[in-house]
Amino acid sequence: MPIKRYGTVQMGAGGKALPFARAVEADGWLYVSGQVAMEDGEIIDGNIIAQTHKTIANVLAILDEAGYGVEDVVRVGVWLDDPRDFWTFNKIYQEYFGEHPPARACVQSSMMVDCKVEIDCVAYKKKDK
């Protein structure tokens with residue numbers, strides 16, 4: 001099965017081209033790059049609640065584009081800027097992943113852009129040959 005890349009031409013903050021794909025699919029596996037609360041190349045204003053909803057919406061949009069759903073997600077990685085946001089983040093996260101909880105890691109980290117949360121994931125769906 002060939003490797004398929006999604007979103008190889010995308011813009012980040014300040015209209016700069018990003019040097020990675022939004023997601024890469026290989027043999028039924030989909031690896032979604034870290035997503036933040038970005039819209040039109042800029043991080044949205046807002047607290048952890050607004051940024052979490054937007055970040056997850058960005059992840060779900062990529063999954064949908066590739067033909068995957070939240071039920072296909074097997075692992076999620078989460079980076080939070082402020083550990084005090086953990087419980088608020090968890091409440092929102094559960095709204096999206098509560099029915100199909102994947103394995104997950106969540107750490108506190110300094111971010112490369114001015115955001116409160118970043119999420120990546122790995123999904124799997126058996127492909128018809």
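## Exercises on a predicted model

D120 opens the set: leaving aside neighbours within four places in sequence, it touches V32, S33, G34, R75, V76, G77 and W79. The model is predicted.

**Exercise 1.** Place D120 in its element, and find how far it lies from V32 in sequence and in space.

*Solution.*
- Step 1. Assign the element. D120 is found in strand β8.
- Step 2. Count along the chain. D120 and V32 are 88 residues apart in sequence.
- Step 3. Take the C-alpha to C-alpha distance. For D120 and V32 it is 5.6 Å.
- Step 4. Check the contact list. V32 is among the contacts of D120.

**Exercise 2.** Write the strand order of the open six-stranded sheet, then name its edges.

*Solution.*
- Step 1. Trace the order: β1-β2-β3-β8-β6-β7. The pairing is mixed.
- Step 2. Look for strands that pair on one side only. These are β1 (4-6) and β7 (103-108), the edge strands.
- Step 3. Average the twist. It comes to 10° from one strand to the next.
- Step 4. Inspect β6 and β8. They pair in the antiparallel sense over seven bridges. R75 has V122 of β8 as its bridge partner.

**Exercise 3.** Determine which strands each of the helices α1 and α2 lies across, and at what angle to β8 and β6 respectively.

*Solution.*
- Step 1. Start with α1. It lies across β1, β2 (23-26), β3, β6 and β8. Its angle to β8 is about 25°.
- Step 2. Turn to α2. It lies across β6, β7 and β8. Its angle to β6 is about 155°.

**Exercise 4.** Dissect the largest nonpolar core: its residue count, its best-connected members and its suppliers.

*Solution.*
- Step 1. Count the residues. The core has 24.
- Step 2. Rank by contacts inside the core. L30, L63, V76 and I119 have the most.
- Step 3. List elements that supply at least two residues each: β3 (29-35), α1 (48-65), β6 (73-80), α2 (86-97) and β8 (117-124).
- Step 4. Find the largest share. It is five residues, from α1.
- Step 5. Zoom in on I119. Beyond neighbours within four places in sequence, its contacts include T55, I56, V59, V76 and F89.

**Exercise 5.** Classify N58 as buried or exposed, and list its contacts.

*Solution.*
- Step 1. Locate the residue. N58 lies in helix α1.
- Step 2. Read its relative accessible area: 13%.
- Step 3. Apply the cut-off. Buried means under 20%, so N58 is buried.
- Step 4. Leave aside neighbours within four places in sequence. N58 then contacts Q35, V36, A37 and M38.

Terms used:
Residues are numbered from 1 along each chain as its sequence is written. This is a predicted model: local features need pLDDT of at least 70, side-chain atom pairs count only at pLDDT 80 or more; totals for chains, interfaces and linings use all residues. Side-chain values use heavy atoms; hydrogens and water are left out. A nonpolar core is a set of buried Ala, Val, Leu, Ile, Met, Phe, Trp, Tyr and Cys residues joined through side-chain atoms within 4.5 Å. Buried means under 20% relative accessible area, exposed over 50%, partly exposed in between (1.4 Å probe, protein chains only). Helices (H or I, at least four residues) and strands (E, at least two) are DSSP runs, numbered from the N terminus. Contact means heavy atoms within 4.5 Å. Two strands pair if DSSP finds at least two bridges between them. Axes are lines fitted to C-alpha atoms, for helices over the stretch in contact, and angles run from 0 to 180 degrees between N-to-C directions.
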